[in-house]
Amino acid sequence: MIVVHHLENSRSQRVLWMLEELGLDYEIRRYERDPKTMLAPPDLRKVHPLGKSPVIEDHGRVVAETGAIVEYLVEKGEGRLGPPANRAAVLRYRQFLHYAEGSLMPLLFTTLVLGRVPMLGKTAQKKFRPMIEPHLDWLETELQERPWFAGDEFSAADIMMSFPLEAARSRAGLDARRPALVEWLERIHARPAYQAALARGGPYAYA
């Protein structure tokens, strides 16, 4: 049984969704953020020294970092949701698997933090947000060419891209000006496994 250490309103929702898509059995251990700081509780450090989520445990093995967990689960699921068959799609799969956390999320996270800084934070946020626009423009053109990020089939790359694009829809300017991205979000939200993960995971602000 895979144990998911699940923090509310966090990247760990993607892990629950991945497990539902693969039909793997799992158990959830829930953690709530500090209502004032919005940080994860200290109990998560008992699982992993960094005290971050998501973290999974499987047969005594602890795996942290969303991308690493997703790759682990692809192997566990005998390759399902993994790299597509053709070379171009494989390269896109790898690109978006890493781009989600490596390039897009740092910009979105900085925007969130600046929005919580009194007085000067809002001003800094307005200057910083335009840096996100080229990313959204590029992603829009990518999804104008094919239905999913890697190619013609839904994959783990789409699961990885969900959190940053949901965050962008919520607070960073993703709107009807980019219909391909909005339509992609609507399609992933309609997936039965996504809905099942929401039901099990509890409140999720970006759904």
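**Helices 5 and 7, Arg-178 and strand 1 in a predicted model**

The buried residues of helix 7 are Ala-180, Leu-181, Val-182, Trp-184, Leu-185 and Ile-188. The model is predicted.

Me: What covers the buried residues of helix 7?
Reply: The residues to be covered include Trp-184 and Ile-188. Their cover includes helix 1, helix 5, helix 6 and helix 8 (192–201).

Me: Does the end-to-end distance of helix 5 agree or disagree with its expected span, and what is that distance?
Reply: Helix 5 covers residues 133–145, which is 13 residues. At 1.5 Å a residue, the helix should span 18 Å. The distance between its end C-alpha atoms agrees with this, at 19 Å.

Me: Within what arc do the buried residues of helix 5 fall?
Reply: The buried residues are His-135, Leu-136, Leu-139, Glu-140, Glu-142 and Leu-143. Seen down the axis of helix 5, they line one face of the helix, because they fall within an arc of 160 degrees.

Me: Which residues are exposed on the other side of helix 5?
Reply: Leu-139 and Leu-143 are among the buried residues of this helix. On the other side, the exposed residues are Gln-144 and Glu-145.

Me: Is Arg-178 buried or exposed, and what is its relative accessible area?
Reply: Arg-178 sits in the loop between helix 6 (156–171) and helix 7 (179–189). Buried means under 20% relative accessible area. Arg-178 is buried, with a value of 5%.

Me: Which residue has its backbone oxygen 3.4 Å from a polar atom of the Arg-178 side chain?
Reply: Leaving aside neighbours within four places in sequence, Arg-178 is in contact with Glu-133, Leu-136, Asp-137, Glu-140 and Gly-173. Of these, Leu-136 and Glu-140 are also among the buried residues of helix 5. The backbone oxygen lying 3.4 Å from a polar atom of the Arg-178 side chain is that of Gly-173.

Me: How many residues of strand 1 are buried?
Reply: Ile-2, Val-4 and His-6 point one way from strand 1, while Val-3, His-5 and Leu-7 point the other way. Both sets are buried. For strand 1 (residues 2–7), the count of buried residues is six of six.

Me: In strand 2, which residue is the bridge partner of His-5?
Reply: Strand 1 and strand 2 (residues 26–31) run parallel and are joined by six bridges. With helix 1 (residues 12–22), they make a right-handed β-α-β unit. In strand 2, His-5 has as its bridge partner Arg-29.

Me: In strand 3, which residue is the bridge partner of Val-4?
Reply: Strand 1 and strand 3 (residues 55–58) run antiparallel, with three bridges joining them. In strand 3, the bridge partner of Val-4 is Ile-56.

Notes
Residues numbered from 1 in each chain as written. Predicted model: local features only at pLDDT ≥ 70, side-chain atom pairs only at ≥ 80, totals over all residues. Heavy atoms only, no water. Helix = DSSP H or I, 4+ residues; strand = E, 2+ residues; numbered from the N terminus. Expected span 1.5 Å × (residues − 1). Buried < 20%, exposed > 50% of the residue type's maximum accessible area, 1.4 Å probe, protein only. Arc of directions from axis to C-beta. Polar contact = N/O pair within 3.5 Å; in protein donor to acceptor, adjacent residues only side chain to side chain. Contact = heavy atoms within 4.5 Å. Pairing = 2+ DSSP bridges. Right-handed = clockwise from strand over helix to strand, strands pointing away.
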